[in-house]
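Me: Could you take me through one part of this model in detail, namely the sheet, together with the pockets and the cavity around it? I would like one connected account, please.

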Amino acid sequence: GVIDLDHWNIHRLDSAGPDWLADPVSFGVEGNASGDCFSVVAAGHAGDRVGIDLVRHMDGTDWLLDWAIEANEVHQPKAWVFDPKSSTADLFMADFRAAGLPVVECGFTDRALPRATAGLFDDIGNGRIEHLGHPALDAAVAGATWRFVGESRLWNRKAGVPLAPLVAATMARHGLIEEAASAPQPFAVYT
């Protein structure tokens, strides 16, 4: 894979307390290529790092919306982040919005997806990510490869390894980092 596993494994936590991820968290949502298993990753501030945790990784689709509504009430997250051109968004994004959940899109058109992918890759390589070990997320990290769109690198979702947990982590980190950074700032020109 393209991710240095030494960098990934050195920041694995054996356990974490209930306040490990500072609220508000952001959730990334992604399904595997066959659409029969879905992952939800939470990202939150963990001191000077971003903590990521694969909080749900389950077969089927019946559970996701109800679980998200309940998690939204408990955690009041900043965002539920989707790639708007993914089949996961096709299945769930409108329902999440209709349920009043704070949905954020992380797509290619506005360059958010390449920024999010590069940002997570850079954070892993520079020790700014910590995580609780989860076999599905670890397998996705170990098997990740690139696909190129122009000069942009994206996770190759057809890599032969289910990458939904890694893509969900990318979305969650984007919601945590980018949404805070993208708040409009007042601007005035004085002459």
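Reply: Happy to. A good place to begin is the pairing of strand E2 (residues 22–31) with strand E3 (residues 37–46): the two run antiparallel and 7 bridges join them. Strands here are DSSP runs of E, at least two residues long, helices are runs of H or I of at least four, and both are numbered from the N terminus; two strands pair if DSSP finds at least two bridges between them. Gly 31 has Phe 38 in E3 as its bridge partner.

A word on the basis: this is a predicted model, where local features need pLDDT of at least 70, side-chain atom pairs count only at pLDDT 80 or more, and totals for chains, interfaces and linings use all residues. Residues are numbered from 1 along each chain as its sequence is written, and side-chain values use heavy atoms, with hydrogens and water left out.

Stepping back, E2 and E3 belong to an open sheet of 7 strands with mixed pairing, in the order E1-E7-E4-E3-E2-E5-E6. At its edges are strand E1 (12–13) and strand E6 (103–105), each of which pairs on one side only. Helix H5 (residues 135–143) lies across E1, strand E4 (49–59) and strand E7 (129–132), at about 110° to E4; such angles run from 0 to 180 degrees between N-to-C directions, with axes fitted to C-alpha atoms, for helices over the stretch in contact, and contact means heavy atoms within 4.5 Å.

Now to the spaces. On a 1 Å grid over the protein atoms alone, a cavity is a set of points where a 1.4 Å probe fits but cannot get out, while a pocket is an open set with protein on both sides within 12 Å along at least five of seven lines; lining residues have an atom within 4 Å of a point. Points are joined across faces, edges and corners, and a volume is the space filled by probe spheres set on them.

The largest pocket holds about 420 Å³. It has 22 lining residues, of which Glu 30, Asp 83, Ser 86, Arg 147 and Arg 157 are the closest to its centre. E2 and helix H6 (164–181) each give at least two residues to this lining.

The second largest pocket has a volume of about 320 Å³. Among its 18 lining residues, Leu 21, Ala 42, Asp 53, Val 55 and His 75 are the closest to the centre. E2, E4 and helix H2 (64–75) each contribute two or more residues, with H2 giving the largest share, 5 residues.

The count of cavities of 30 Å³ or more is 1. Its lining is made up of Leu 113, Thr 117, Arg 147, Leu 154, Trp 155, Arg 157 and Val 167. Helix H4 (112–125) and strand E9 (152–155) each supply at least two of these residues.

E9 also takes part in a hairpin with strand E8 (residues 146–149), to which 4 bridges join it in an antiparallel arrangement. Val 149 is the bridge partner of Ser 152. There are 2 residues between E8 and E9, and Gly 150 in the turn has a positive phi of about 65°.

Finally, confidence: pLDDT, the predictor's confidence in each residue from 0 to 100, averages 91 over the protein chain, and 93% of the residues reach 70 or more. Over residues 181–188 the pLDDT is below 50, and this stretch has 0 contacts in the model beyond near neighbours in sequence.
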